[in-house]
Amino acid sequence: MNKGKIINFEWMCDYNRYNPDEFDIIKTRLIKRDIDSAVASGCNIIVGAYFLDGFLQPSERYNKFISHLNEIKSYAASVGITDLYLISGHGENLKDTPIPYFHIDYNLRILYNSYKHNISNLPKYNPQNNKFLFLTGMPDRANRIGLLSKYYDEALLDDAEWTFFSPWAPADQKWCRQHLKHYSDNEYNKFLIECDRQFDDRFESAKPFYGNYSLEELDVNWLDVVDTEWVRAPALIDSSVYNNTVLSIVSEGPNYWGNNYDFVTEKVWREFLHKQPFILAGWPDQMRYLKKLGYKTFEEYMLIPDYAYIENEDQRLNAVVKNTKHFLETHTAHSKAIALDVEHNYNLLFEYIKQQDATLTYFNTILGIPQEQIDFYTSHTGYKNLVMRPPDNV
């Protein structure tokens with residue numbers, strides 16, 4: 001009879017105390033310690049979890065990451081663990097991985113957990129609405145501050161509901177100013193003042209941590225923000241923001257890694273849950289991924305149907321702006337077809353959730369992982385349970 005255990009291979013903790021190479025050594029030591037503990041308790045199966053960002057390795061570090069996995073695999077075998085698996089919370093098509101893996105989309109999981117008690121009351125597609133929704137997130141990306149500035153320059157924000165956090169960390173401020181170098185200083189400051197907007201203050205307490213924390217010596221770390229409302233439920237936003245919008249602009253996360261594009265985040269899943277058509281301001285392979293999964297992606301209602309596949313990002317974002325304006329002007333002519341499309345995405349999303357549930361049942365019934373341990377990692381609305389405090393003697 002199998003006895004399995006999930007071990008957090010990600011070890012989200014105080015990254016600022018260590019440089020990446022030092023942290024890899026410490027993390028490997030911690031994982032080996034947890035494997036030893038599992039073996040001592042009679043486990044014969046280990047499932048190592050990378051629920052959040054573990055597989056999203058920058059290209060220049062990916063080979064080191066694979067070497068790290070090989071070292072863990074070798075150590076597990078040396079202490080009697082021959083059935084070793086991984087969980088990928090980001091990505092279904094991982095290259096060169098020496099350990100077999102399951103895919104549990106963690107962003108989808110925390111999104112569903114955040115809204116599941118209120119599903120029947122969520123706003124739905126309403127063709128009578130006349131605005132678009134643009135939730136930007138971290139500003140220092142072309143598809144965040146850059147795209148917002150394009151809407152601003154085209155005077156389209158009168159037709160929008162949006163959020164925007166003006167850059168606050170020094171590296172972000174420098175990047176954003178350089179990216180919008182077509183503005184004079186006065187124009188740039190005016191843009192920041194007029195565009196700064198948020199629907200609530202949930203992000204404020206965690207914001208210092210997210211200011212390019214991996215690039216700067218900020219005196220903030222995961223352990224400082226683990227108990228904030230944002231970290232406890234980062235996918236949650238008040239659904240009332242959908243009450244008067246008819247289209248969402250989804251500015252997906254950064255893609256500086258070169259080995260993993262088969263994923264999207266809660267930003268896309270939230271639109272499906274709220275039965276909202278969308279325009280994807282993301283990496284072209286992310287649109288291909290959604291189409292591979294069978295979701296409707298609304299290109300047929302756009303002025304530039306192939307916008308998402310334009311390789312040049314600035315040109316792609318220009319096409320996003322043109323498509324936004326066109327959709328707002330013409331969508332009512334296609335309202336019946338759009339209503340069917342958003343219903344399709346909603347239903348397919350719940351089929352995807354059922355597939356995840358089946359995988360979690362397999363963990364319990366076949367791999368012998370206790371249900372309370374599965375629930376610890378998959379029943380939450382945020383990241384708090386993933387953040388580990390390393391012992392002092394590491």
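Me: At what angle do helices α4 and α6 pack, and how far apart are their axes?
Reply: This is a predicted model, and in it α4 and α6 (residues 185–195) pack at about 95°, with 11 Å between their axes.

Me: Why is α4 called roughly perpendicular to α6?
Reply: The label goes to angles from 65 to 115 degrees. The α4/α6 angle is about 95°, so α4 counts as roughly perpendicular to α6.

Me: Which residues meet where α4 packs against α6?
Reply: On the α4 side you'll find Ile145, Leu148, Ser149 and Tyr152. They meet Tyr188, Lys190, Phe191, Leu192, Glu194 and Cys195 of α6. Sorted by class, that contact has 7 nonpolar, 1 polar and 2 charged residues.

Me: On to the sheet. What makes β6 and β8 edge strands?
Reply: Look at the order: the open sheet of 4 strands runs β6-β5-β7-β8, with parallel pairing. β6 (160–163) and β8 (278–281) each have a single partner strand, so one side of each has no neighbour in the sheet. On average, neighbouring strands here are turned by 15° against each other, ignoring direction.

Me: How do you know that β5 and β6 pair?
Reply: Pairing takes at least two bridges. β5 (residues 131–135) and β6 are joined by 4, so they pass, and they run parallel. If you want one to look at, Phe134 has Trp162 in β6 as its bridge partner.

Me: Where does α4 sit relative to this sheet?
Reply: α4 (residues 142–153) packs on the sheet, touching β5, β6, β7 (245–251) and β8, and its direction is about 150° from that of β5.

Me: What joins β7 to β8?
Reply: There are 4 bridges between those two parallel strands. Ser251 stands opposite Ala281 in β8. As for the β8 side chains, Phe278 and Leu280 point one way while Ile279 and Ala281 point the other, and all are buried.

Me: Now aromatics. How many pairs does a search of the whole structure find?
Reply: It finds 28 aromatic pairs. One is Tyr62 with Phe65, at 6.0 Å centre to centre and 45° between the planes.

Me: Why is the Tyr62 and Phe65 pair called tilted?
Reply: Centres have to lie within 6.5 Å, and 6.0 Å does; the 45° between planes is neither under 30 nor over 60, so the pair counts as tilted. These two residues lie 3 apart in helix α2 (residues 62–78), about one turn of the helix.

Me: What makes Tyr62 count as buried?
Reply: The cut-off is under 20%. Tyr62 comes in at 4% relative accessibility, so buried it is. Phe65, with 5%, counts as buried too.

Me: And why is the pair of Phe102 and Phe363 called edge-to-face?
Reply: The planes are 80° apart, with 5.0 Å centre to centre. Anything over 60 degrees counts as edge-to-face, so this pair earns the name. Phe102 is in strand β4 (residues 101–103) and Phe363 in helix α12 (residues 335–365), so the pair ties together parts 261 residues apart in sequence. Both rings belong to buried residues.

Me: Which residues do ring pairs link into a cluster?
Reply: That cluster holds Trp269, Phe272, Phe278, Tyr295, Phe298, Tyr301 and Tyr352.

Me: Last one. His331 is placed in a loop, so how do you know whether His331 is buried or exposed?
Reply: The loop lies between α11 (313–330) and α12. His331 has 3% relative accessibility, under the 20% limit, so His331 counts as buried. Leaving out residues up to four places away in sequence, His331 touches Tyr125, Pro127, Asn129, Val246 and Ile338.

Note on methods
Residues numbered from 1 in each chain as written. Predicted model: local features only at pLDDT ≥ 70, side-chain atom pairs only at ≥ 80, totals over all residues. Heavy atoms only, no water. Axes fitted to C-alpha atoms, helices over the stretch in contact; angles between N-to-C directions. Contact = heavy atoms within 4.5 Å. Parallel < 35°, antiparallel > 145°, perpendicular 65-115°, else oblique. Nonpolar A, V, L, I, M, F, W, Y, C, P; charged D, E, K, R; others polar. Buried < 20%, exposed > 50% of the residue type's maximum accessible area, 1.4 Å probe, protein only.
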